[in-house]
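Welcome, and thanks for taking a look at this one. Below is a short tour, grouped by topic, to read with the viewer open.

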Amino acid sequence: MAGKRGGQSIRTGLALTLGSAALWGLAHLWVGRRVTGALLMGIYLTLVTAIVVTLLRVRTELLSLAVQPAWLWSFALGALLLAAATVAVVVRSYQLVRPESLTRPARYLSALAVGLLCVAVVTPMVYAARLAFVSQHVVTSVFAATTAPIPVDPWKGRERVNILLIGADAAPKRPGVRTDSMTVASIDTRTGDTVLFGLPRNLEHVPMPAGPPREQFPYGFGGEPPYSPGLLNEVFQYAEDYPSMVPGVPKGQRGPTLLKRTLSDITGLDITHYAMVDMSGFAAIIDAMGGVKLTVKEPIVYGRENEGLIQAGTRKLSGEEALWFGRARTYSDDYVRMGRQKCLMNAVAKQADPVTVLRSFEKLADATVHAVSTDIPQGLLPNLIDLSDKVKDSRIKSFQFVPPLINTADPDYRLIKHKVSSILAKSAADAAKPSKAGSAKIPRKDDVHGAITLDFACD
């Protein structure tokens, strides 16, 4: 060993150190420490093989683990331990192959080179640990801690799972939360086939669920006249302001609880969970993504004083522009806005690819924590990840309960429930049919539904 160290140059020593960073044990074998070298090399190759096989074969399972705090902690700890082990191997390898006689400047320069090599090697591992810690913070901050045990198959015996998606609009000059965007996502648990039911914010005389709400409003929700018109988008805040509407439910959950029960009665669907995005926070999410590319069919005037204009054409919108794309009603109406909101949701989902998410992960995580609230328990996330994998490969349709089908001033709530039932029945029948390759997804008039059904054809 001494002979090799005495006869080799500093360049050879640094090359062997670099090689040991890429393949543990190389320097040990070079200096004759065969047992240690072979052991290090075996451990390293086993780790690399396990990582590669895992990434190639169990991607869905990895996503499921990525939303479980315990696994995220374990991953972060594992990444840090691997980084520490790599630094130890690199430093020890350099000690073994470093020439015996080095001038002081050469010793300092070579030590600096090894230090930089250690930084370069461990930076990805430390960053991976950082991402795991950030992910763990998002999961524990946004999603409720699991109190009741989650079955291995929570969808057993359930053909569909229904989740209420809310876009909330709050402003300093208008205290409280208005749920200006309400969409019930109904997902087939077997196929992932999904239908989005959009409910207008301005539905009047909304029938309230049994109990205190119906006792308070026996003829439909009336709000607080003359201060409010009594629209659907007021139900959430009314429940928060009047705890007696949902006895025993804590503050912050009264609004979503009553809104879920109300929309469950209207649609005839069992809405089990909700996810709400604050609109100003949504703009921050778009900015964190670097903007969202959309096709604007007509110029859109936006701003509270009509001070802005989104020109027609295909362009990348900032968070503020995307926010107003989805909320502006100047020279249009609620129903045009609802259509734009669905297009915006689809564009964000498509453009939030892994590269975009990874590049802006911490900004996205911070924006998500401040913008999103939900009652989905942490323990259900792995199952939802599995279900979302089916949704990704299935058809997503959207149905809006808007005029002329529904008169929002005097809605036919029996018709809404009937339409939901018939739409889901037809959707299940369509899902059972073999799809034609290359078929275009375009807006179409559905003779059975009697309203426009969109397959997200927004461009």
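Over residues 12-31, what percentage of the chain is helix, and how far apart are the end C-alpha atoms? In this predicted model, that stretch is 80% helix and 0% strand, with its end C-alpha atoms 12 Å apart. The chain as a whole has 459 residues, of which 45% are buried, and its secondary structure comes to 17 helices and 12 strands. Of the contacts between residues at least 6 apart in sequence, 67% join residues at least 24 apart.

**Annotated stretches**

- An unreviewed UniProt entry carries the annotation "transmembrane region" for residues 12-31, 37-58, 70-94 and 106-127.
- Residues 106-127 are 100% helix and 0% strand, and the end C-alpha atoms of this stretch are 31 Å apart.
- Leu16 sits in helix α2, which runs over residues 10-22.
- The relative accessibility of Leu16 is 10%, so Leu16 counts as buried.
- Although Leu16 and Ser93 are 77 residues apart along the chain, their C-alpha atoms are separated by 7.7 Å.

**Nonpolar cores**

- The largest nonpolar core holds 36 residues, and those with the most contacts inside it are Leu164, Phe197, Leu232, Leu259, Leu263 and Phe401.
- At least two residues of this core come from each of β1 (160-171), β2 (174-188), β3 (194-199), α9 (235-241), α10 (254-267), β4 (271-278) and α17 (413-432).
- With 5 residues, α17 gives the most to this core.
- Once neighbours within four places in sequence are set aside, Leu232 is in contact with Thr179, Met182, Leu199, Pro200, Arg201, Leu203, Val206, Leu259 and Leu263.
- There is also a second, separate core of 22 residues, whose members include Phe282, Val292, Ala328 and Val348.

**Helix α10**

- For the 14 residues of α10, a rise of 1.5 Å a residue gives an expected span of 20 Å, and the end C-alpha atoms are indeed 20 Å apart, so the two agree.
- Because 11 of its 14 residues are buried, α10 is largely enclosed by the rest of the structure.
- The buried residues of α10 include Leu259 and Leu263, and also Arg254 and Lys260.
- Right after α10 comes Gly268, which has a positive phi, near 80°.

**Strand β5 and its partner**

- Side chains alternate along β5 (residues 292-296): Val292, Leu294 and Val296 point to one face and are buried, whereas Lys293 and Thr295 point to the other and are not.
- Val292 is also among the residues of the second core.
- β5 pairs with β8 (residues 313-317) in the antiparallel sense, over 5 bridges.
- Thr295 has Thr314 of β8 as its bridge partner.

**Aromatic pairs**

- The count of aromatic pairs comes to 8.
- In the pair of Phe217 and Tyr238, the ring centres are 5.4 Å apart and the planes are at 70°, so this pair is edge-to-face.
- Phe217 is in the loop between α8 (212-216) and α9, while Tyr238 is in helix α9, so their pairing ties together parts that are 21 residues apart in sequence.
- Both Phe217 and Tyr238 are buried.
- One aromatic cluster is formed by Phe217, Phe221, Tyr238 and Tyr242.

Conventions: Residues numbered from 1 in each chain as written. Heavy atoms only, no water. Buried < 20%, exposed > 50% of the residue type's maximum accessible area, 1.4 Å probe, protein only. Helix = DSSP H or I, 4+ residues; strand = E, 2+ residues; numbered from the N terminus. Pairing = 2+ DSSP bridges. Core = buried A, V, L, I, M, F, W, Y, C linked by side-chain atoms within 4.5 Å. Contact = heavy atoms within 4.5 Å. Expected span 1.5 Å × (residues − 1). UniProt positions renumbered as here; feature names shortened; annotations may be inferred. Phe/Tyr/Trp six-rings, centres within 6.5 Å; stacked < 30°, edge-to-face > 60°.
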